[in-house]
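User: I would like a close look at one part of this model, starting from a loop and its backbone. Please go on from there to other loops and to the helices, and keep the account connected.

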Amino acid sequence: MNFKNILILRSTVLYKIKTARAKNTAGSGDISYHPCLSIHTKSWPVPIRLASPISFLLCSSAISSVKSPTNMSGANPFAQFEKTFSQAGTTYKYFDLASIDSKYDQLPYSIRVLLESAVRNCDNFHILEKDVQSILGWSPALKQGSNDVEVSFKPARVILQDFTGVPAVVDFAAMRDAVLDLGGNPEKINPICPADLVIDHSVQVDFARTPDALTKNQTLEFERNKERFTFLKWGAKAFNNMLIVPPGSGIVHQVNLEYLARVVFENDTTDGSKILYPDSVVGTDSHTTMINGLGVLGWGVGGIEAEAVMLGQSISMLLPEVIGYKLVGKLSPLVTSTDLVLTITKHLRQLGVVGKFVEFYGPGVAELSIADRATISNMCPEYGATVGYFPIDENTLGYMKQTNRSEKKIDIIRQYLKATQQLRNYADEAQDPKFTQSITLDLATVVTSVSGPKRPHDRVSVSDMPADFKACLSNPVGFKGFAIAPEAQSASGEFQWDDGKTYKLQHGSVVIAAITSCTNTSNPSVMLGAGLLAKKAVEKGLNILPYIKTSLSPGSGVVTYYLKESGVIPYLEKLGFDIVGYGCMTCIGNSGPLEENVVNTIEKNGLVCAGVLSGNRNFEGRIHPNTRANYLASPLLVIAYAIAGRVDIDFEKEPLGVDANGRNVFLQDIWPTRSEIQEVENKHVIPAMFQEVYSKIELGSQDWQTLEVSEGKLFSWSADSTYIKRPPFFEGMTRDLPKLQSIKKARCLLFLGDSVTTDHISPAGSIARTSPAARFLSERNITPRDFNSYGSRRGNDAIMSRGTFANIRLVNKLVSKTGPRTVHIPSQEELDIFDAAERYREEGTPLVLVVGKDYGSGSSRDWAAKGPFLLGVKAVIAESYERIHRSNLVGMGIIPLQFLPGQSAETLNLTGREVYNIALPESDLKPGQKIQVEADGTIFETVLRFDTEVDITYYKNGGILNYMIRKMLS
């Protein structure tokens, strides 16, 4: 039946229903008509849903008698596509996506995951039939910015790291208090969607190049973060459906890959069967994308979206363009997966894939291990895509076996994926879907590379490094330039070390060399490759200068296990690469201090010294303040550059040193081949290792085990804590919905221009000593040395509200200078933004923001919405919004209003000094309706940017968290 006939059938049935209803007597049972638009008659065998033509396609093939139904309001309109298979006495259910529409087999595999979630979760409230239609209608003609299609998506789970996860756990703890205050059972507050939190962002390289570095760094980690860790350990015990992985276990994305990922979920149902569906995940870290290498669709989101998913809600997204990235050929035996990902990153960044899905295909994919694929997916944020997706194939299932997933589980996954056409054979071109655009990379063209000195997509072949670094010294200040004057390019400085010897630093000297980050530490081939290179180097008599801060921070205990079993640990330690901790460490800037004499020499002589790391980001100032040049490299090259002591070496012409016989030793003499590495990997990376490590994952270290926490289901908040505080989001909340009220006599807190980003809004980085947050801490006898960062104090709203809009580059038109200041209009006094907001609060004055285009652009950050809420902002009036930030404002109960096309604060002659009145209807709010604003006599209409009924529901409740509390109470 074609689409035109479906429409005709739909119209015919609607007419017959209308006629039948007119003739029918009450209670005859002939027709049941209800809000879900599902009808049953004696002449139709299945419910027909009239909401869309697709519904008719689903049921138009059979017409005979059927019994009267029960009320199916809210039921899934795609339930008839649920099918089953049995294995070992268990019945497994799944949605047969291919039978919904013949276009299914042309969809990219990543889009199929979105479709399955929409079909399975369709309730015509959070997920609409329109969402299913939109996803089924995906085509290569879809273009971002010209024919955008917004859909809702319900991921299968959420993953968090500790910096971004603490606020979520704080909110859940506060919700329990609120439920108790309202007479409910607080134990009902738990994540509805499975959530995992891995503590990995707190450990720092304070100690290195000593056998006890690991113990010392972990001890310091606990001293600095005891309050946060105590709170998280309480959360691990108090909440159901939430796993909290203790510190010292590994990096969140590697633990996700090796242990947490389900690949296919298998959940119990009420009738004793199990339902199967694809694993998918959103996480509060941008490199959540790493899991796409395992065929699990996932990406990073802000804290509010993550909390929404944890609470069983959907998130909004634009249906993306999908770029097909075809891999052909084979990698050279001397090339690593790091070289490949740096090549792809530069290529895709040049192409422009921001906001798009990238899906890999072609015979070359089958040549890559899952660890290689995960390395490529990990750097997705660096090449700008939302995901870098590798559909599941037999290699994926082989990795699951290697990482100790059960044979039974793998067999069920295989059967499910085949039934739903989601198991990929990369050699079969007939399985290739349609893409928005396709590009090809021949793996044989990849060469040994690094990226830098300031951006991850500025790839440089190792053979070009001497000339490239020299050019960077001379170039004007920029991503590829330091503007060092010609006469200063030969500058150098000497210092004495603890061994009594004098050493010299110059431009290009390596002072940090770190094997770090899940980008590479998750990949046995490059980690074992580094170990084998270290072994050969030591055997050749090579060493590393003592002042270079070398470190090894594995992404999980499994890495340490196979490095020990393969016998390479002693050689790594001999070169100074002792294990320093299990966490992100140098990759996120937790590189720790350099020795004072090294720092003084660098600063005194204005040297451009270098850090070399196996990480994913090298932005200026990120790795260390004194390493102006930072290069991303494979773990093998990290060791090589450390031995060389400088980044401008020509490895092909210059030796690394000499052996015991006085012969020159070149890099090629110690570089292991891919086959050498593979032989060691096959022997030593085995399922038993994963079983041994992950069977104890929740146990934690001795420090974690002895950390005393309360056993109660309610957290005991400490009034003295400057890290964890009960947020005031639910103060004064009632069981009943509050009456909608207009905003009267509001003042403009900030009058801003275009492109105000979440970095301008959300607290981040160090706490300035003259800031309101610093004053707050000083009043509590905390010295500047112990201020720590806003990131570490995300669990304390008193700190975060004081840091909102604290960006020194904020341009507020109410004041003459750039910075976090504003004017308290009634008194005309210029104040810090928080202080002005406090004065308005004391006066009972509501606040608004008046801004330009693209308000809230940049990364999604929960405090970019929470902070303004706590400052008393009731509404934002903008020319346009970044899509996710608009959603986050709604989630916090802030009204997003938008100027009509062609209007702005400028065209309306607004100054930000007016009194604002915003007229809201007492009932009957509608998505997109016009709302009148009056500002000192100037009356203008705005568009209410509540885009869905769900938005209105959240706002009426005061935000998504309040909505969920009332839902739990009812």
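Between which two strands does the loop that holds proline 453 lie?

Analyst: The model is a predicted one. Proline 453 sits in the loop that runs between strand E18 (449-451) and strand E19 (459-461). The backbone detail to look at there is the peptide bond that leads from glycine 452 into proline 453: this bond is cis, and its omega is near 15°. Most peptide bonds are trans, and most residues other than glycine have a negative phi. The bond before proline 453 is thus a departure in omega, and other loops of the model depart in phi.

Two such loop residues can be set beside proline 453. Asparagine 788 is not a glycine, yet its phi is positive, at about 60°. Asparagine 788 belongs to the loop between helix H26 (772-778) and helix H27 (797-803). Its relative accessibility is 36%, so asparagine 788 counts as partly exposed. Aspartate 936 also has a positive phi without being glycine, in this case near 50°. The loop that holds aspartate 936 joins strand E35 (930-935) to strand E36 (938-944). With a relative accessible area of 52%, aspartate 936 is exposed, since the cut-off for exposed is over 50%.

A positive phi is also found after a helix. Helix H9 (residues 337-351) is followed by glycine 352, and the phi of this glycine is positive, near 90°. H9 itself has 15 residues and reaches 21 Å from its first C-alpha to its last, close to the 21 Å expected at 1.5 Å a residue. Its buried residues are Ser337, Thr338, Asp339, Leu340, Val341, Leu342, Thr343, Ile344, Thr345 and Leu348.

One of these buried residues, Ile344, is also among the residues touched by phenylalanine 360. Phenylalanine 360 has its place in strand E15 (residues 357-361). A relative accessible area of 0% makes phenylalanine 360 buried. Leaving aside residues up to four places away in sequence, phenylalanine 360 touches Tyr325, Leu327, Ile344, Val365, Ile376, Tyr383, Gly388, Tyr389, Phe390, Pro391 and Tyr426.

Further along the chain, helix H12 (residues 394-402) and helix H13 (residues 407-419) form a pair whose axes come within 10 Å and cross at roughly 165°. H12 and H13 are therefore roughly antiparallel, and their crossing is right-handed. Glu394, Leu397, Met400 and Lys401 make the contact from H12, and Glu407, Ile410, Ile413 and Arg414 make it from H13. By class, these residues divide into four nonpolar, no polar and four charged.

Helix H16 (residues 524-539) gives two further packings. With helix H17 (residues 557-565), H16 packs at an angle of about 40°, and the axes are 11 Å apart. The two helices are therefore oblique to each other, and the crossing is right-handed. Pro524, Met527 and Leu528 of H16 meet Val559, Tyr562 and Leu563 of H17. This contact has six nonpolar residues, no polar and no charged.

The other packing of H16 is with helix H20 (residues 635-644), where the axes come within 7 Å and cross at roughly 30°. H16 is thus roughly parallel to H20. On the H16 side the residues are Val526, Met527, Gly529, Ala530, Leu533, Ala534 and Ala537, and on the H20 side they are Pro635, Leu636, Ile639 and Ile643. The contact of H16 with H20 has 10 nonpolar residues, one polar and no charged. Met527 appears in the contact with H17 and in the contact with H20.

H16 also holds lysine 536. This lysine counts as partly exposed, as its relative accessibility is 23%. Not counting residues up to four places away in sequence, lysine 536 touches Asp669, Ile670, Trp671, Pro672 and Glu676. For one of these, tryptophan 671, the separation from lysine 536 is 135 residues in sequence and 8.0 Å in space, C-alpha to C-alpha.

Helix H4 (residues 129-136) can be added on burial. Six of its eight residues are buried, so H4 is largely enclosed by the rest of the structure. The buried residues are Glu129, Asp131, Val132, Ser134, Ile135 and Leu136.

Technical notes
Residues are numbered from 1 along each chain as its sequence is written. This is a predicted model: local features need pLDDT of at least 70, side-chain atom pairs count only at pLDDT 80 or more; totals for chains, interfaces and linings use all residues. Side-chain values use heavy atoms; hydrogens and water are left out. Helices (H or I, at least four residues) and strands (E, at least two) are DSSP runs, numbered from the N terminus. Buried means under 20% relative accessible area, exposed over 50%, partly exposed in between (1.4 Å probe, protein chains only). Contact means heavy atoms within 4.5 Å. The expected span of a helix is 1.5 Å times one less than its number of residues. Axes are lines fitted to C-alpha atoms, for helices over the stretch in contact, and angles run from 0 to 180 degrees between N-to-C directions. Angles under 35 degrees count as roughly parallel, over 145 as roughly antiparallel, 65 to 115 as roughly perpendicular and the rest as oblique. A crossing is left-handed if the near helix is turned anticlockwise from the far one by less than a right angle, and right-handed if clockwise. Ala, Val, Leu, Ile, Met, Phe, Trp, Tyr, Cys and Pro count as nonpolar, Asp, Glu, Lys and Arg as charged, and the others, Gly among them, as polar.
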